[in-house]
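Welcome, and thanks for opening the viewer. Set the display to cartoon, keep the selection box handy, and we will walk through the model stop by stop.

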Amino acid sequence: VFLLGITDLFAQTLYVPGTIVKGKNASYYCSTKYEILIKVNNVNNVDTTTTMYYDDGTVVPFDVGSAVIATKTEDLVRVFQEALTQKEANILKRKIIHLLILNVVTDKQGNTREITFKFLNDDPVMTKFAPDRLYQLEQELKKILRLDPNSLDKSIKNIKYIQAISYKDLK
């Protein structure tokens, strides 16, 4: 058992930029914007840029928008923690400068349609997180990630925002 633990601890990263990692329920495309940051998105995601568009096709200026995030940080942390084993949570708690970044795409009602995950390339857990587990986490996050629909500009096609889960918040 001890040897299995060591082997698992030193297992290579699953998410290598330029590759697709396949599971039974989903496949994820891996890329990188900066050398130290791994970007992972479901291959079924169709809106993978940070650019937002109005319904008429014009680009939304970067400084436009003031949507209100309806999701509480503690709910994000809870859903993430529920996806982790206790061993994984204990490892991540010690990585206080690490975090899981979520690039979120919502519809006009504030419901989450797509999530892109970003994490550091030396993340001891997320770099080895099986694609089917990532898919399950993605589905659970989609249930709770919401924008307040009353705060949204209804003329924007897909509203995008960033949410982060700090590992120091894990229990």
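Among contacts in the protein chain between residues at least 6 apart in sequence, what percentage join residues at least 24 apart? The figure is 69%. Keep it in mind as you go, and remember that you are looking at a predicted model.

**Stop 1: the whole chain**

Start with everything selected. You should find 4 helices and 6 strands in the protein chain. Colour from one end to the other and the order reads α-β-β-β-α-α-β-β-α-β. The radius of gyration is 17 Å, close to the 16 Å that the globule rule gives for 171 residues, so the chain is as compact as a globular protein of that length. Turn the C-alpha trace along its principal axes and it spans about 60 × 35 × 30 Å.

Now switch on the surface. Its accessible area comes to about 9,900 Å², and carbon and sulfur atoms account for 56% of that. Of the 171 residues, 40% are buried. If you like to colour by charge, there are 23 positive and 20 negative charges, and the mean positions of the two sets are 4 Å apart.

**Stop 2: strand β4**

Hide the surface and select residues 99-106, which form strand β4. Here 7 of the 8 residues are buried, so the strand is largely enclosed by the rest of the structure.

Which strands should you add to see its partners? Add residues 159-166, strand β6, which pairs with β4 in the antiparallel sense over 8 bridges. Then add residues 112-120, strand β5, which runs antiparallel to β4 and is joined to it by 6 bridges.

To check the register on the β6 side, pick Leu99 and look across to its bridge partner, Ser166. On the β5 side, pick Ile101 and find Lys118 opposite as its bridge partner. Thr106 has its bridge partner in β5 too, namely Thr112.

**Stop 3: the hairpin and β5**

Follow the chain from β4 into β5. The two strands form a hairpin with 5 residues between them. Click on Gly110 in the turn, which has a positive phi of about 90 degrees.

Is β5 mostly buried or exposed? Of its 9 residues, 7 are buried, so β5 is also largely enclosed by the rest of the structure. Next, select residues 37-42 to bring in strand β3, which pairs with β5 in the antiparallel sense over 5 bridges. A handy pair to label here is Leu37, with Leu120 of β5 standing opposite.

**Stop 4: Val104**

Go back to strand β4 and show the side chain of Val104, which lies in it. Val104 has 1% relative accessibility; the cut-off for burial is under 20%, so this residue counts as buried.

What surrounds Val104, leaving aside neighbours within four places in sequence? Show Thr112, Glu114, Leu145, Ile159, Lys160 and Tyr161, which are in contact with Val104. One of these, Tyr161, is the bridge partner of Val104 in β6. While β6 is on screen, note that 6 of its 8 residues are buried.

For a distance check, draw a line from Val104 to Thr19. These two residues are 85 apart along the chain, and their C-alpha atoms are separated by 22 Å.

**Stop 5: helix α2 and Val79**

Finally, select residues 73-83, helix α2, where you will find Val79. Buried residues in this helix are Leu76, Val77, Val79, Phe80 and Gln81. Against what do the buried residues of α2 pack? They pack against α3 (86-93), β4, α4 (131-144) and β6, which brings you back to strands you have already visited.

Zoom in on Val79. Its relative accessibility is 5%, so Val79 counts as buried. Not counting residues up to four places away in sequence, Val79 touches Leu137, Glu140, Leu141 and Ile144. Draw one last line, from Val79 to Leu141: the two are 62 residues apart in sequence, and 6.8 Å apart in space, C-alpha to C-alpha.

Notes
Residues are numbered from 1 along each chain as its sequence is written. This is a predicted model: local features need pLDDT of at least 70, side-chain atom pairs count only at pLDDT 80 or more; totals for chains, interfaces and linings use all residues. Side-chain values use heavy atoms; hydrogens and water are left out. The radius of gyration is taken over C-alpha atoms; the globule rule is 2.2 Å times the number of residues to the power 0.38. Buried means under 20% relative accessible area, exposed over 50%, partly exposed in between (1.4 Å probe, protein chains only). Contact means heavy atoms within 4.5 Å. Accessible areas come from the Shrake-Rupley method with a 1.4 Å probe; for residues, only the protein chains shown count as cover. Lys and Arg count as positive and Asp and Glu as negative; His and the chain ends are not counted. The place of a charge is taken as NZ of Lys, CZ of Arg, CG of Asp or CD of Glu. Two strands pair if DSSP finds at least two bridges between them.
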